[in-house]
Amino acid sequence: MRRIAVCPGSFDPVTYGHLDIIERAAKLFDKVIILVSFNPKKRNTTAFTIEERMELILRVTGHLENVCVDCHDGLLAEYLERTGACAIVKGLRAVSDFEYEFQMALANKKLYPNAETVFLTTSSENMYLSSSVVKEIAVLGGDISGFVPAEILPDIVRRLGE
Ligand code: PNS
């Protein structure tokens with residue numbers, strides 16, 4: 001049986017922190033779907049469109065054969081059921097992530113009991129990293145080259161410098 005994992009998030013934009021989790025998940029599962037999802041709290045406030053976010057992810061995951069990118073506007077549980085995924089993979093940074101992630105893991109388990117949420121602890125160099133921090137630094141003209149892959153850096157700088 002092929003083990004499919006879904007890695008959901010806003011990815012606005014994808015960072016080295018996300019990429020680290022994606023690469024590690026790709027070693028654990030047969031197939032990993034990076035799911036650009038709608039976070040109701042962030043609707044209409046994103047810097048990149050769904051299509052742009054998907055394209056940025058595609059560009060930085062080209063080296064991973066068992067990784068693909070998709071998007072979904074609806075319940076994650078619904079998507080898991082449709083694709084037969086057995087896991088949701090999330091990165092956990094600090095304790096501050098825990099309560100929110102724990103709540104989502106429990107809700108998703110209730111909605112779709114056939115999938116487990118798997119938390120991967122972020123590597124120490126990405127502890128502080130989030131798309132929001134990257135956006136804030138870029139908007140203020142700071143150097144984000146240590147936070148996002150080089151192949152998508154110009155696109156992000158251009159958009160956030162606008
Ligand atoms: O990167 P984010 O914004 O923290 O990701 C949050 C996301 C998109 C994974 C979460 O909002 C989500 O799963 N949205 C899909 C809608 C859904 O299923 N909501 C109920 C989750 S318990």
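In the predicted model described here, T117 has its place in strand β5, which spans residues 116-121, where helices (H or I, at least four residues) and strands (E, at least two) are DSSP runs numbered from the N terminus. T117 is partly exposed, with a relative accessible area of 23%; buried denotes under 20% relative accessible area, exposed over 50%, and partly exposed the range in between, evaluated with a 1.4 Å probe and the protein chains only. The C-alpha atoms of T117 and E101 are separated by 9.4 Å, the two residues being 16 residues apart along the chain. Because the model is predicted, local features need pLDDT of at least 70 and side-chain atom pairs count only at pLDDT 80 or more, whereas totals for chains, interfaces and linings use all residues. Residues are numbered from 1 along each chain as its sequence is written, and side-chain values use heavy atoms, with hydrogens and water left out.

The surroundings of the ligand comprise 14 residues, of which S10, F38, N39, K42 and L76 come nearest; a residue is counted as near a molecule or strand if one of its heavy atoms lies within 4 Å of it. Polar contacts are pairs of N or O atoms within 3.5 Å; within protein, one atom must be able to donate a hydrogen and the other to accept it, and residues adjacent in sequence count only if both atoms are side-chain atoms. A nitrogen atom of the ligand lies 3.2 Å from a backbone N or O atom of F38, while an N or O atom in the side chain of N39 is 2.9 Å from an oxygen atom of the ligand. For L76, a backbone N or O atom is found 2.8 Å from an oxygen atom of the ligand. Taken alone, the ligand exposes 540 Å², and the protein buries 82% of that, with accessible areas obtained by the Shrake-Rupley method with a 1.4 Å probe and, for residues, only the protein chains shown counted as cover.

The ligand sits in the largest pocket, a molecule being assigned to a cavity or pocket if more than half of its atoms lie within 2 Å of its grid points. On a 1 Å grid over the protein atoms alone, a cavity is a set of points where a 1.4 Å probe fits but cannot get out, and a pocket is an open set with protein on both sides within 12 Å along at least five of seven lines, lining residues having an atom within 4 Å of a point. The elements that give two or more residues to the shell around the ligand are β1 (4-9) and α4 (95-111), and α4 gives the most, with 4 residues. By class, this shell has 7 nonpolar, 6 polar and 1 charged residues, with Ala, Val, Leu, Ile, Met, Phe, Trp, Tyr, Cys and Pro counted as nonpolar, Asp, Glu, Lys and Arg as charged, and the others, Gly among them, as polar.

Backbone geometry in the loop between β1 and α1 (16-28), where P13 is found, includes a cis peptide bond that joins D12 and P13, with omega about 5°. F11 also has its place in the loop between β1 and α1, and F11 has a positive phi of about 50° although it is not a glycine. At 3% relative accessibility, F11 counts as buried, and its C-alpha atom is separated by 15 Å from that of E136, 125 residues apart along the chain. A positive phi of about 65° is found for N44, likewise not a glycine; N44 lies in the loop between β2 (31-37) and α2 (50-60) and, at 78% relative accessibility, counts as exposed.

Side-chain to backbone contacts were examined at two further sites. H72, in strand β3 (residues 67-72), is buried, with a relative accessible area of 9%, and the side chain of H72 reaches the backbone oxygen of L75 at 2.9 Å. S130 occupies the loop between β5 and α5 (131-139) and counts as buried at 17% relative accessibility, while the side chain of S130 reaches the backbone nitrogen of V133 at 3.1 Å. In helix α2, E55 is partly exposed, with a relative accessible area of 37%, and the C-alpha atoms of E55 and V69, 14 residues apart along the chain, are separated by 8.6 Å.
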